[in-house]
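Me: Could you take a close look at one part of this protein for me, the strands and what sits around them? I'm new to this, so please go slowly and tell me what pairs with what.

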Amino acid sequence: MMRKISADFICPVSQEPIRNGVISVDDSGKIIAIDQRDQHDLDSLEIYSGIIVPGFVNTHCHLELSHMKGKVDTGTGLIPFIKNVVGFRDADAKEIEAAIRIADQEMYDGGIVAVGDISNKTDTFAQKEASKIRYYTFVEMFDFLQDNAAQEEFGKYKEVFDAQAEGSQNRFSAVPHAPYSVSNTLFQLINDLNGKSPQQTISIHNQETPPENELFQKGTGGFVDFYTAFGISMEDFTAPKTPSIEYALAHMDPKHRTLFVHNTLTTPEDIASANAWSKKVYWATCANANLYIENRLPNYQHFIDTNAKMTIGTDSLTSNWQLSVLEEMKTISHYQSYVDFPRLLLWATLNGAEALGFEEDLGSLEIGKTPGLNLLDM
(Lines give C-alpha, C1' and ligand atoms only; values in the text may rest on other atoms or scores of the structure.)
Protein backbone atom coordinates (compact mmCIF):
# COMPACT_ATOMS: atom_id res chain seq x y z
CA MET A 1 0.00 0.00 0.00
CA MET A 2 1.40 3.39 -0.97
CA ARG A 3 1.49 6.25 1.53
CA LYS A 4 1.47 9.89 0.45
CA ILE A 5 2.96 12.03 3.19
CA SER A 6 2.96 15.83 3.15
CA ALA A 7 4.21 18.62 5.44
CA ASP A 8 4.76 22.37 5.38
CA PHE A 9 8.20 21.69 3.91
CA ILE A 10 10.02 18.68 2.53
CA CYS A 11 13.81 18.98 2.96
CA PRO A 12 15.41 16.49 0.56
CA VAL A 13 18.97 17.68 1.48
CA SER A 14 20.13 16.91 -2.06
CA GLN A 15 18.02 19.80 -3.40
CA GLU A 16 16.21 22.91 -2.16
CA PRO A 17 13.29 22.54 0.31
CA ILE A 18 9.84 22.00 -1.21
CA ARG A 19 6.94 23.98 0.30
CA ASN A 20 3.82 21.83 0.77
CA GLY A 21 5.73 18.88 -0.65
CA VAL A 22 4.47 15.30 -0.89
CA ILE A 23 6.54 12.12 -0.61
CA SER A 24 5.03 8.88 -1.89
CA VAL A 25 6.52 5.69 -0.44
CA ASP A 26 5.77 2.00 -0.91
CA ASP A 27 5.45 -0.68 1.77
CA SER A 28 9.24 -1.02 2.04
CA GLY A 29 9.71 2.73 2.60
CA LYS A 30 11.17 3.27 -0.87
CA ILE A 31 10.45 6.71 -2.27
CA ILE A 32 8.32 6.45 -5.41
CA ALA A 33 7.68 10.14 -6.06
CA ILE A 34 8.32 13.64 -4.68
CA ASP A 35 6.00 16.44 -5.78
CA GLN A 36 3.53 19.01 -4.39
CA ARG A 37 0.06 18.98 -2.88
CA ASP A 38 -1.63 20.67 -5.83
CA GLN A 39 -0.87 17.53 -7.83
CA HIS A 40 -2.95 15.33 -5.51
CA ASP A 41 -6.44 14.85 -4.14
CA LEU A 42 -6.04 16.18 -0.59
CA ASP A 43 -8.12 13.30 0.81
CA SER A 44 -5.39 10.91 -0.34
CA LEU A 45 -2.68 12.64 1.71
CA GLU A 46 -1.37 12.36 5.27
CA ILE A 47 -0.76 16.03 6.04
CA TYR A 48 1.46 17.09 8.95
CA SER A 49 2.64 20.38 10.43
CA GLY A 50 6.41 20.79 10.34
CA ILE A 51 9.17 19.65 8.02
CA ILE A 52 10.07 16.20 6.76
CA VAL A 53 13.77 15.30 6.62
CA PRO A 54 15.67 12.05 5.94
CA GLY A 55 16.52 9.62 8.70
CA PHE A 56 19.57 10.65 10.73
CA VAL A 57 22.99 8.99 10.50
CA ASN A 58 25.02 8.67 13.70
CA THR A 59 28.62 8.19 12.54
CA HIS A 60 30.18 7.57 15.95
CA CYS A 61 28.81 5.52 18.84
CA HIS A 62 30.04 3.02 21.43
CA LEU A 63 26.89 0.92 21.86
CA GLU A 64 28.71 -1.63 24.02
CA LEU A 65 29.25 0.99 26.75
CA SER A 66 25.53 1.72 27.17
CA HIS A 67 25.39 0.10 30.62
CA MET A 68 27.67 2.86 31.96
CA LYS A 69 25.14 5.67 31.61
CA GLY A 70 25.52 8.16 34.47
CA LYS A 71 28.44 6.30 36.07
CA VAL A 72 31.26 8.60 34.95
CA ASP A 73 31.60 12.20 36.13
CA THR A 74 31.34 15.08 33.68
CA GLY A 75 34.02 17.70 33.05
CA THR A 76 37.02 15.67 34.19
CA GLY A 77 39.02 15.79 30.95
CA LEU A 78 39.76 12.83 28.70
CA ILE A 79 42.49 11.05 30.66
CA PRO A 80 40.52 10.79 33.94
CA PHE A 81 37.50 9.82 31.83
CA ILE A 82 39.45 6.92 30.29
CA LYS A 83 40.49 5.75 33.77
CA ASN A 84 36.86 5.75 34.85
CA VAL A 85 35.79 3.79 31.79
CA VAL A 86 38.36 1.13 32.62
CA GLY A 87 37.06 0.98 36.19
CA PHE A 88 33.36 0.72 35.36
CA ARG A 89 33.39 -1.24 32.09
CA ASP A 90 32.99 -4.76 33.45
CA ALA A 91 29.44 -5.65 34.49
CA ASP A 92 26.96 -8.52 34.53
CA ALA A 93 26.38 -9.85 31.01
CA LYS A 94 22.60 -9.53 31.30
CA GLU A 95 22.92 -5.90 32.40
CA ILE A 96 25.15 -5.15 29.43
CA GLU A 97 22.81 -6.93 27.00
CA ALA A 98 19.72 -5.12 28.31
CA ALA A 99 21.40 -1.71 28.13
CA ILE A 100 22.51 -2.36 24.54
CA ARG A 101 18.99 -3.33 23.53
CA ILE A 102 17.47 -0.23 25.15
CA ALA A 103 20.06 2.10 23.61
CA ASP A 104 19.51 0.64 20.14
CA GLN A 105 15.77 1.23 20.49
CA GLU A 106 16.39 4.78 21.76
CA MET A 107 18.35 5.60 18.63
CA TYR A 108 15.67 4.11 16.37
CA ASP A 109 12.92 6.02 18.19
CA GLY A 110 15.02 9.18 17.76
CA GLY A 111 14.97 8.87 13.99
CA ILE A 112 18.42 7.35 13.52
CA VAL A 113 18.58 4.92 10.59
CA ALA A 114 22.32 4.13 10.48
CA VAL A 115 25.16 4.05 13.00
CA GLY A 116 28.94 3.82 12.81
CA ASP A 117 29.64 1.82 15.98
CA ILE A 118 32.90 1.12 17.79
CA SER A 119 33.34 -2.44 19.05
CA ASN A 120 36.16 -3.75 21.21
CA LYS A 121 34.16 -6.88 22.07
CA THR A 122 31.35 -8.95 20.55
CA ASP A 123 28.72 -7.79 23.06
CA THR A 124 26.66 -5.79 20.54
CA PHE A 125 26.76 -8.14 17.57
CA ALA A 126 23.52 -10.04 18.25
CA GLN A 127 21.52 -6.83 18.75
CA LYS A 128 22.96 -5.26 15.61
CA GLU A 129 21.85 -8.23 13.52
CA ALA A 130 18.31 -7.96 14.94
CA SER A 131 18.11 -4.16 14.83
CA LYS A 132 16.00 -2.01 12.53
CA ILE A 133 19.06 0.25 12.29
CA ARG A 134 21.81 -0.32 9.72
CA TYR A 135 25.21 -0.60 11.41
CA TYR A 136 28.79 -0.17 10.25
CA THR A 137 30.93 -1.86 12.93
CA PHE A 138 34.42 -0.52 13.59
CA VAL A 139 36.41 -3.27 15.30
CA GLU A 140 38.76 -1.04 17.28
CA MET A 141 42.33 -2.00 18.18
CA PHE A 142 45.05 -0.48 20.37
CA ASP A 143 48.38 -1.45 21.94
CA PHE A 144 49.36 1.78 23.78
CA LEU A 145 52.20 2.55 21.35
CA GLN A 146 53.99 -0.72 22.22
CA ASP A 147 55.37 -2.17 18.97
CA ASN A 148 56.54 -5.29 20.77
CA ALA A 149 52.97 -5.96 21.95
CA ALA A 150 51.27 -5.20 18.63
CA GLN A 151 51.04 -8.76 17.31
CA GLU A 152 49.59 -10.13 20.55
CA GLU A 153 47.01 -7.34 20.87
CA PHE A 154 46.12 -7.64 17.19
CA GLY A 155 45.42 -11.34 17.73
CA LYS A 156 42.89 -10.57 20.46
CA TYR A 157 40.99 -8.06 18.34
CA LYS A 158 41.24 -10.27 15.24
CA GLU A 159 39.02 -12.74 17.10
CA VAL A 160 36.38 -10.00 17.45
CA PHE A 161 36.80 -9.11 13.78
CA ASP A 162 36.37 -12.73 12.71
CA ALA A 163 33.26 -13.11 14.88
CA GLN A 164 31.69 -10.12 13.08
CA ALA A 165 32.63 -11.66 9.73
CA GLU A 166 30.55 -14.79 10.28
CA GLY A 167 27.31 -14.18 8.40
CA SER A 168 26.92 -10.51 9.31
CA GLN A 169 24.44 -8.39 7.37
CA ASN A 170 26.27 -5.26 8.53
CA ARG A 171 29.48 -3.77 7.16
CA PHE A 172 32.63 -3.78 9.28
CA SER A 173 36.32 -2.94 9.25
CA ALA A 174 39.30 -2.97 11.58
CA VAL A 175 40.25 0.47 12.88
CA PRO A 176 42.90 2.12 15.08
CA HIS A 177 41.67 3.65 18.34
CA ALA A 178 43.67 6.91 18.36
CA PRO A 179 47.13 8.21 17.46
CA TYR A 180 48.23 8.06 21.10
CA SER A 181 47.31 4.37 21.47
CA VAL A 182 48.39 2.64 18.25
CA SER A 183 51.97 1.71 17.34
CA ASN A 184 53.54 1.71 13.88
CA THR A 185 53.33 -2.08 13.79
CA LEU A 186 49.67 -2.24 14.77
CA PHE A 187 48.75 0.38 12.17
CA GLN A 188 50.34 -1.85 9.51
CA LEU A 189 48.55 -4.97 10.75
CA ILE A 190 45.23 -3.10 10.61
CA ASN A 191 45.97 -1.86 7.08
CA ASP A 192 46.82 -5.37 5.93
CA LEU A 193 43.64 -6.82 7.44
CA ASN A 194 41.42 -4.27 5.72
CA GLY A 195 43.08 -4.77 2.36
CA LYS A 196 42.89 -2.26 -0.46
CA SER A 197 39.13 -2.09 -1.04
CA PRO A 198 38.02 1.55 -1.42
CA GLN A 199 34.63 0.55 0.03
CA GLN A 200 36.00 0.48 3.58
CA THR A 201 35.51 3.24 6.14
CA ILE A 202 38.24 3.61 8.77
CA SER A 203 37.49 5.51 11.96
CA ILE A 204 39.99 7.04 14.40
CA HIS A 205 39.62 9.28 17.46
CA ASN A 206 41.46 12.53 16.81
CA GLN A 207 42.73 15.58 18.74
CA GLU A 208 40.20 15.37 21.55
CA THR A 209 42.36 16.75 24.35
CA PRO A 210 45.49 18.98 24.67
CA PRO A 211 47.75 16.20 26.05
CA GLU A 212 47.34 14.31 22.77
CA ASN A 213 49.08 16.94 20.68
CA GLU A 214 51.60 17.55 23.46
CA LEU A 215 52.63 13.90 23.38
CA PHE A 216 53.48 14.07 19.68
CA GLN A 217 54.90 17.57 19.63
CA LYS A 218 57.00 17.42 22.80
CA GLY A 219 56.96 13.86 24.13
CA THR A 220 55.58 15.10 27.47
CA GLY A 221 52.26 15.62 29.20
CA GLY A 222 49.34 13.71 30.61
CA PHE A 223 49.56 10.64 28.40
CA VAL A 224 53.16 9.99 29.46
CA ASP A 225 52.03 10.12 33.10
CA PHE A 226 48.97 7.99 32.30
CA TYR A 227 51.00 5.22 30.66
CA THR A 228 53.69 5.31 33.33
CA ALA A 229 51.06 4.90 36.05
CA PHE A 230 49.88 1.70 34.33
CA GLY A 231 53.43 0.37 34.03
CA ILE A 232 53.61 0.99 30.28
CA SER A 233 57.06 2.05 29.12
CA MET A 234 57.47 5.07 26.85
CA GLU A 235 61.23 4.61 26.45
CA ASP A 236 60.97 3.63 22.77
CA PHE A 237 58.60 6.46 21.84
CA THR A 238 60.16 9.44 20.05
CA ALA A 239 57.96 12.48 19.58
CA PRO A 240 57.80 13.39 15.86
CA LYS A 241 57.31 17.07 16.80
CA THR A 242 54.09 17.30 14.79
CA PRO A 243 50.39 17.38 15.71
CA SER A 244 49.01 13.92 16.43
CA ILE A 245 46.96 13.83 13.23
CA GLU A 246 50.19 13.88 11.18
CA TYR A 247 51.23 10.62 12.85
CA ALA A 248 47.89 9.09 11.91
CA LEU A 249 48.10 10.30 8.32
CA ALA A 250 51.59 8.81 7.99
CA HIS A 251 50.34 5.35 8.95
CA MET A 252 46.79 5.08 7.57
CA ASP A 253 45.77 4.13 4.02
CA PRO A 254 44.39 7.08 2.00
CA LYS A 255 42.54 4.71 -0.35
CA HIS A 256 39.85 4.15 2.29
CA ARG A 257 37.17 6.56 3.43
CA THR A 258 38.59 7.96 6.68
CA LEU A 259 36.47 9.30 9.53
CA PHE A 260 38.27 11.48 12.09
CA VAL A 261 36.25 11.64 15.31
CA HIS A 262 35.91 14.51 17.84
CA ASN A 263 38.52 16.90 16.37
CA THR A 264 38.06 19.28 19.29
CA LEU A 265 41.47 20.89 18.81
CA THR A 266 41.84 20.43 15.05
CA THR A 267 43.17 23.51 13.25
CA PRO A 268 42.70 24.72 9.67
CA GLU A 269 46.24 23.50 8.96
CA ASP A 270 45.35 20.03 10.24
CA ILE A 271 42.23 19.93 8.06
CA ALA A 272 44.24 21.04 5.02
CA SER A 273 46.81 18.30 5.64
CA ALA A 274 44.12 15.63 5.84
CA ASN A 275 42.29 16.89 2.76
CA ALA A 276 45.58 16.93 0.81
CA TRP A 277 46.29 13.37 1.98
CA SER A 278 42.96 12.01 0.68
CA LYS A 279 39.75 13.15 -1.01
CA LYS A 280 37.80 10.66 1.12
CA VAL A 281 38.17 12.38 4.50
CA TYR A 282 35.18 12.94 6.81
CA TRP A 283 34.98 14.54 10.25
CA ALA A 284 32.61 13.38 13.00
CA THR A 285 31.67 15.85 15.70
CA CYS A 286 30.16 14.63 18.98
CA ALA A 287 29.26 17.94 20.58
CA ASN A 288 27.56 16.72 23.76
CA ALA A 289 30.34 14.23 24.46
CA ASN A 290 32.95 16.96 24.04
CA LEU A 291 31.07 19.07 26.59
CA TYR A 292 30.55 16.07 28.88
CA ILE A 293 34.24 15.13 28.97
CA GLU A 294 36.28 18.27 28.25
CA ASN A 295 33.88 21.23 28.51
CA ARG A 296 34.94 22.36 25.03
CA LEU A 297 33.73 22.19 21.43
CA PRO A 298 35.53 22.25 18.09
CA ASN A 299 35.63 25.54 16.23
CA TYR A 300 33.18 24.63 13.47
CA GLN A 301 34.14 27.70 11.44
CA HIS A 302 37.47 26.00 10.69
CA PHE A 303 35.62 23.13 9.04
CA ILE A 304 33.18 25.36 7.18
CA ASP A 305 35.97 27.56 5.80
CA THR A 306 37.87 24.54 4.47
CA ASN A 307 34.80 22.80 2.97
CA ALA A 308 35.35 19.84 5.27
CA LYS A 309 32.81 17.02 5.08
CA MET A 310 31.32 17.12 8.57
CA THR A 311 29.17 14.39 10.12
CA ILE A 312 27.49 14.00 13.51
CA GLY A 313 27.99 11.33 16.17
CA THR A 314 26.68 10.78 19.68
CA ASP A 315 29.57 8.89 21.28
CA SER A 316 28.35 6.58 24.07
CA LEU A 317 25.98 6.83 27.00
CA THR A 318 29.13 6.86 29.13
CA SER A 319 29.89 10.32 27.75
CA ASN A 320 26.45 11.63 26.80
CA TRP A 321 23.04 12.13 28.34
CA GLN A 322 21.26 10.52 25.37
CA LEU A 323 21.91 9.04 21.94
CA SER A 324 20.19 11.59 19.72
CA VAL A 325 21.51 13.20 16.54
CA LEU A 326 18.79 15.84 16.86
CA GLU A 327 20.04 16.82 20.33
CA GLU A 328 23.57 17.07 18.90
CA MET A 329 22.26 19.45 16.24
CA LYS A 330 20.54 21.55 18.92
CA THR A 331 23.73 21.75 20.99
CA ILE A 332 25.83 22.88 18.04
CA SER A 333 23.20 25.49 17.15
CA HIS A 334 23.03 26.69 20.76
CA TYR A 335 26.77 27.25 21.21
CA GLN A 336 27.81 28.14 17.65
CA SER A 337 24.62 29.52 16.11
CA TYR A 338 26.30 30.58 12.87
CA VAL A 339 26.04 26.90 11.86
CA ASP A 340 22.62 27.14 10.23
CA PHE A 341 19.95 24.44 9.99
CA PRO A 342 20.53 23.43 6.34
CA ARG A 343 24.21 22.83 7.07
CA LEU A 344 23.47 20.88 10.24
CA LEU A 345 20.93 18.77 8.36
CA LEU A 346 23.55 17.96 5.71
CA TRP A 347 25.98 16.89 8.45
CA ALA A 348 23.31 14.76 10.13
CA THR A 349 22.14 12.94 7.00
CA LEU A 350 23.82 12.84 3.60
CA ASN A 351 27.40 13.47 4.75
CA GLY A 352 27.03 10.75 7.36
CA ALA A 353 25.57 8.31 4.85
CA GLU A 354 28.48 8.98 2.48
CA ALA A 355 31.02 8.54 5.27
CA LEU A 356 29.66 5.06 6.02
CA GLY A 357 29.10 4.15 2.37
CA PHE A 358 25.30 4.07 2.70
CA GLU A 359 24.47 6.94 0.35
CA GLU A 360 22.82 4.73 -2.27
CA ASP A 361 19.90 4.15 0.10
CA LEU A 362 20.16 6.70 2.89
CA GLY A 363 20.92 10.35 3.60
CA SER A 364 18.61 12.24 1.23
CA LEU A 365 15.04 12.20 -0.03
CA GLU A 366 15.38 10.95 -3.59
CA ILE A 367 13.34 8.58 -5.75
CA GLY A 368 14.55 5.01 -5.31
CA LYS A 369 16.07 5.55 -1.86
CA THR A 370 14.77 4.16 1.46
CA PRO A 371 16.16 6.82 3.79
CA GLY A 372 13.45 6.85 6.46
CA LEU A 373 11.37 9.96 7.14
CA ASN A 374 11.61 12.18 10.20
CA LEU A 375 9.01 14.84 11.00
CA LEU A 376 10.45 17.85 12.83
CA ASP A 377 8.19 20.34 14.59
CA MET A 378 10.08 23.60 14.08
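Reply: Here is a walk along two of the strands, then a look at the pockets and the pieces around them.

Keep in mind as we go that this is a predicted model.

Let's start with strand β12, which covers residues 281-285. How many of the five residues of β12 are buried? Five of the five, so the strand is largely enclosed by the rest of the structure. Buried here means a relative accessible area under 20%. Now check which way the residues face. In a regular strand, side chains alternate between the two faces of the sheet. You can follow that here: V281, W283 and T285 point one way from β12, while Y282 and A284 point the other way. Whichever way they point, all are buried.

Next, the neighbours of β12. Strand β11 (residues 257-262) runs parallel to β12, and four bridges join the two. If you want one pair to find on screen, take T258, whose bridge partner in β12 is V281. To get from β11 to β12, the chain passes through helix α9 (residues 268-277), and this β-α-β crossover is right-handed. Strand β13 (residues 310-312) is also parallel to β12, with three bridges between them. Look for W283 there, standing opposite M310 in β13.

Now hop over to β7, residues 112-119. β7 is mostly covered too, with eight of its eight residues buried. Strand β6 (residues 56-61) runs parallel to β7 and is joined to it by four bridges. β7 also runs parallel to strand β8 (residues 134-141), this time with six bridges. V115 is a handy residue to click on: N58 stands opposite V115, and in β8 the bridge partner of V115 is Y135. The chain gets from β7 to β8 by way of helix α3 (residues 125-130), in another β-α-β crossover that is right-handed.

β7 also leads us to a pocket. The second largest pocket holds about 570 Å³ of space. It is lined by 25 residues, and the closest to its centre are G29, Y108, P371, G372 and L373. Which elements give two or more residues to this lining? They are β1 (3-10), β5 (46-54), β7 and β14 (373-376). By type, the lining divides into 12 nonpolar, seven polar and six charged residues.

While you're there, find L375, which belongs to strand β14. With a relative accessibility of 41%, L375 counts as partly exposed. In sequence L375 and I51 are 324 residues apart, yet their C-alpha atoms are 5.7 Å apart in space. Leaving aside neighbours within four places in sequence, L375 touches A7, Y48, S49, G50, I51 and I52.

The largest pocket has a volume of about 690 Å³. Of its 29 lining residues, I82, V85, V86, R89 and F142 lie nearest the centre. Helix α1 (residues 78-88) supplies the largest share of that lining, five residues. Sorted by type, you get 14 nonpolar, nine polar and six charged residues.

Helix α1 also meets helix α6 (residues 210-218), whose buried residues are P211, E212, N213, L215 and F216. Those buried residues pack against α1, β10 (201-206), α7 (222-229) and α8 (244-251). Just after α6, watch for G219, which takes a positive phi of about 75 degrees.

Definitions and conventions:
Residues numbered from 1 in each chain as written. Predicted model: local features only at pLDDT ≥ 70, side-chain atom pairs only at ≥ 80, totals over all residues. Heavy atoms only, no water. 1 Å grid on protein atoms, 1.4 Å probe; cavity = no way out; pocket = protein on both sides within 12 Å on 5 of 7 lines; lining within 4 Å. Points joined across faces, edges and corners; volume = space filled by probe spheres on them. Nonpolar A, V, L, I, M, F, W, Y, C, P; charged D, E, K, R; others polar. Buried < 20%, exposed > 50% of the residue type's maximum accessible area, 1.4 Å probe, protein only. Pairing = 2+ DSSP bridges. Right-handed = clockwise from strand over helix to strand, strands pointing away. Contact = heavy atoms within 4.5 Å.
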